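Reader: I'd like to learn how to read a model like this one feature by feature. Could you walk me through it?

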Amino acid sequence: MEERTGSSRRDFFKGVAVATSAVALTAGGALSLAGCAAAEGGSTAKAKHECDVVVAGGGIGGLAAAVSAAETGAKVILVEASGKVGGTSRFAAGAFGPRFGTDWEVVKKKAPASDPVLGKYIVENWDPYVEWIDGLGLTTEKLSETSPYLWMGGKRDAAQGSKSNTDEYLQQFGQIFADKGGTTLVSTRAVKVLTDDKGKATGVRAESNGEVFDIKAKSVILATGGFQCDKEMVTKYIGRHADLSQAQCIPYLDGSGIKMGVEVGAQLSRSFGSYYGHPQPWPADYLNYTDPEAYEAVDNVDDVHVAYYGTTGHSIQGMGVYLNCAGERFVNEGMGSSLVNQEIMQQYMARAYLVFDEPIRKAIETVPFFQAAVIGGARIDHMLEMGFPVFQANSIEELGKAISSRFDDSASFNTGNAASAIAEYNEAVAAGTTAAMKIPHVSVTPPMPIGTAPFYAIPVVGGIMATFGGLKINGNTEVMGVHGHAIPGLYAVPGCAGGIMNGDYWCVMSGYSVLGRLSGQQSADFAAAQGTAK
């Protein structure tokens with residue numbers, strides 16, 4: 001596994017402006033990087049709780065960690081920033097599993113940059129994980145006989161907004177933790193890892209409604225998620241315009257666990273430059289769920305699910321062509337939404353335009369797959385209803401003028417280049433040579449020409465659901481220190497832990513789950529070796 005030097009840690013501190021002073025919370029829930037007396041490392045915070053294992057973060061990985069630790073008999077406290085457990089998985093359509101199957105030799109050929117130890121562990125322990133959650137009483141349903149995916153909570157009726165009973169599954173997971181004797185502190189956020197004079201993790205400092213207190217523990221699991229809400233971090237690691245991207249997640253994923261780990265000497269993983277997400281149409285003023293107050297006010301999480309997935313370019317991008325602000329094609333639209341999304345992020349202003357014509361729009365409306373999460377209506381109509389600009393014109397030139405008049409900025413659109421790019425694409429479609437173009441167009445659907453008015457353009461920016469870089473962990477999910485050894489008593493679960501995937505995604509929620517279960521077992525064993533908390 002890759003080693004990182006102390007200089008990488010110093011660069012990280014410089015990049016995210018983490019000083020030696022403690023990380024405190026602002027009233028709005030965002031991380032403040034200035035010191036604050038209540039959160040500093042002195043004696044100002046009182047010990048309010050004591051346990052064997054404390055888990056910071058109650059997403060799908062944190063829940064697996066908490067339950068697996070609790071079922072060993074350990075006294076476990078789960079700290080969750082939100083008022084409900086589940087994390088960003090609450091937004092998911094609900095299908096999870098190792099995307100390329102459970103044969104590691106196959107997986108590593110499809111995703112050769114994956115961590116060989118952690119990746120192999122995930123695929124080889126997926127089936128045992130499924131047996132474990134089934135034994136807990138959690139409902140799953142196979143997506144199909146040939147698919148590695150399962151529906152969390154079982155598949156829902158097609159007329160409902162989500163594909164499965166995702167949130168019900170996650171809240172049930174939280175109840176199972178309670179039934180096993182676990183304690184969940186909601187609306188409570190870990191802000192610091194506590195250590196003794198030998199560097200061993202001894203608990204966390206937490207904040208809830210302005211009160212700062214300590215939770216003493218024999219081991220600590222960081223399951224706080226990635227850094228997609230931290231604009232400085234995404235710009236540093238993902239792209240110069242990534243601060244303009246859409247964070248497709250709950251509002252608490254600001255790299256806090258990564259920063260807390262680095263503060264106590266943790267080493268960073270690789271993979272900081274890649275992530276999972278989908279192109280998101282914009283401007284999107286109604287997509288305000290990355291604001292804590294707006295997220296906490298959500299009554300029906302299906303509304304969030306449809307907002308994010310029903311309006312992404314997830315399934316329709318292979319039906320048109322993407323042009324950047326210079327009016328140039330820059331990506332193979334058919335190579336998968338997550339990979340296309342990462343290419344969009346590297347364009348000027350992290351922006352692109354999906355261009356298509358009337359026959360393609362009709363195909364989008366009539367093919368069920370292209371509708372994806374949209375329930376009860378056509379996808380393009382749904383985008384219009386949600387307030388997105390979907391440009392329409394009788395020629396590519398008029399389309400460009402409409403875009404430029406709407407976005408009167410330096411980025412807008414080069415109409416001349418756009419017309420040439422569309423003409424070149426249409427010639428390749430007619431000749432059957434789209435796969436041989438300088439930038440190929442290879443899709444699961446046959447390429448269609450873009451030549452019949454009206455023409456359409458959907459502006460998009462890159463979206464980030466899950467980041468791949470984080471704290472470096474070993475095969476036992478122990479956090480590795482800059483000295484090359486595991487930090488005693490400190491564990492991490494992806495996305496706070498990183499380096500498992502690189503480039504393409506294949507094990508987001510499934511990887512979090514499998515490694516979360518392992519982390520719970522390992523941390524409980526470590527705590528047991530020191531004696532049980534009273």
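Author: We'll go from the whole chain to helix packing, then a sheet, then a few single residues. Keep in mind that this is a predicted model.

Reader: Let's begin with the overview. How many helices and strands does the protein chain have?

Author: The protein chain has 17 helices and 22 strands. Of its 534 residues, 60% are buried. Then look at the contacts with a separation of 6 or more: 72% of them involve residues 24 or more positions apart.

Reader: On to helix packing. How are two packed helices described?

Author: You quote two things, the angle between the axes and the distance between the axes. Take helix 2, residues 60–70, and helix 6, residues 166–179: their axes cross at roughly 25 degrees and come within 9 Å. Angles under 35 degrees count as roughly parallel, so helix 2 and helix 6 are roughly parallel to each other. Their crossing is left-handed.

Reader: Which residues of helix 2 and helix 6 meet?

Author: On the helix 2 side you'll find Ile60, Leu63, Ala64, Ala66, Val67 and Ala70, and they meet Leu170, Phe173, Gly174, Ile176 and Phe177 of helix 6. Sorted by class, that contact has 10 nonpolar residues, one polar and no charged ones. A general idea helps when you read such a list: an α-helix has 3.6 residues a turn, so residues three or four places apart point the same way. You can see that spacing in Ile60, Leu63 and Val67, which are among the helix 2 residues in this contact.

Reader: And is helix 2 mostly covered or mostly open?

Author: Mostly covered: 11 of its 11 residues are buried. The buried set includes Gly61, Gly62 and Ser68, along with contact residues such as Leu63 and Val67.

Reader: Can you show me another helix pair? At what angle do helix 5 and helix 17 pack?

Author: Helix 5 (residues 126–136) and helix 17 (residues 508–528) pack at about 75 degrees, and their axes are 10 Å apart. That angle makes helix 5 roughly perpendicular to helix 17. Helix 5 brings Trp126, Pro128, Tyr129 and Trp132 to the contact, while helix 17 brings Ser510, Ser513, Val514 and Arg517. By class, the contact of helix 5 with helix 17 divides into five nonpolar, two polar and one charged.

Reader: Now a sheet. In what order do strands 5, 6 and 7 lie?

Author: For a sheet, read off the strand order and the sense of the pairing. Here the order is 5-7-6 in an open sheet of three strands, with antiparallel pairing. Strand 5 (95–96) and strand 6 (140–142) are the edge strands, each pairing on one side only. Strand 6 pairs with strand 7, residues 150–152, over three bridges in the antiparallel sense. If you want a register mark, Glu141 stands opposite Trp151 in strand 7.

Reader: What about single loop residues? Is Gln347 buried or exposed?

Author: For a loop residue, check the accessibility and then the contacts away from its sequence neighbours. Gln347 is in the loop between helix 11 (337–345) and strand 16 (351–357), and it counts as buried because its relative accessibility is 14%. Leaving aside neighbours within four places in sequence, Gln347 touches His241, Asn324 and Phe330. Met349 is in the loop between helix 11 and strand 16 too, and its phi is near 65 degrees, a positive value in a residue other than glycine.

Reader: Where does Gly475 lie?

Author: Gly475 is in the loop between strand 20 (466–467) and strand 21 (478–480). With a relative accessible area of 28%, Gly475 is partly exposed. Its C-alpha atom is 6.3 Å from that of Val117, 358 residues away along the chain. Beyond its neighbours within four places, Gly475 is in contact with Val117, Leu118 and Leu518.

Reader: Last one: backbone geometry. Which residues does a cis peptide bond join?

Author: One cis bond joins Ala453 and Pro454, with omega about 0 degrees; Pro454 is in the loop between helix 16 (415–431) and strand 18 (455–461). Another joins Pro494 and Gly495, again with omega about 0 degrees. Gly495 belongs to the loop between strand 22 (486–492) and helix 17. For positive phi, see Asn209, near 55 degrees, in the loop between strand 10 (201–208) and strand 11 (211–222). Asn209 is exposed, at 75% relative accessible area.

Terms used:
Residues numbered from 1 in each chain as written. Predicted model: local features only at pLDDT ≥ 70, side-chain atom pairs only at ≥ 80, totals over all residues. Heavy atoms only, no water. Axes fitted to C-alpha atoms, helices over the stretch in contact; angles between N-to-C directions. Helix = DSSP H or I, 4+ residues; strand = E, 2+ residues; numbered from the N terminus. Parallel < 35°, antiparallel > 145°, perpendicular 65-115°, else oblique. Left-handed = near helix turned anticlockwise from the far one by under 90°. Contact = heavy atoms within 4.5 Å. Nonpolar A, V, L, I, M, F, W, Y, C, P; charged D, E, K, R; others polar. Pairing = 2+ DSSP bridges. Buried < 20%, exposed > 50% of the residue type's maximum accessible area, 1.4 Å probe, protein only.
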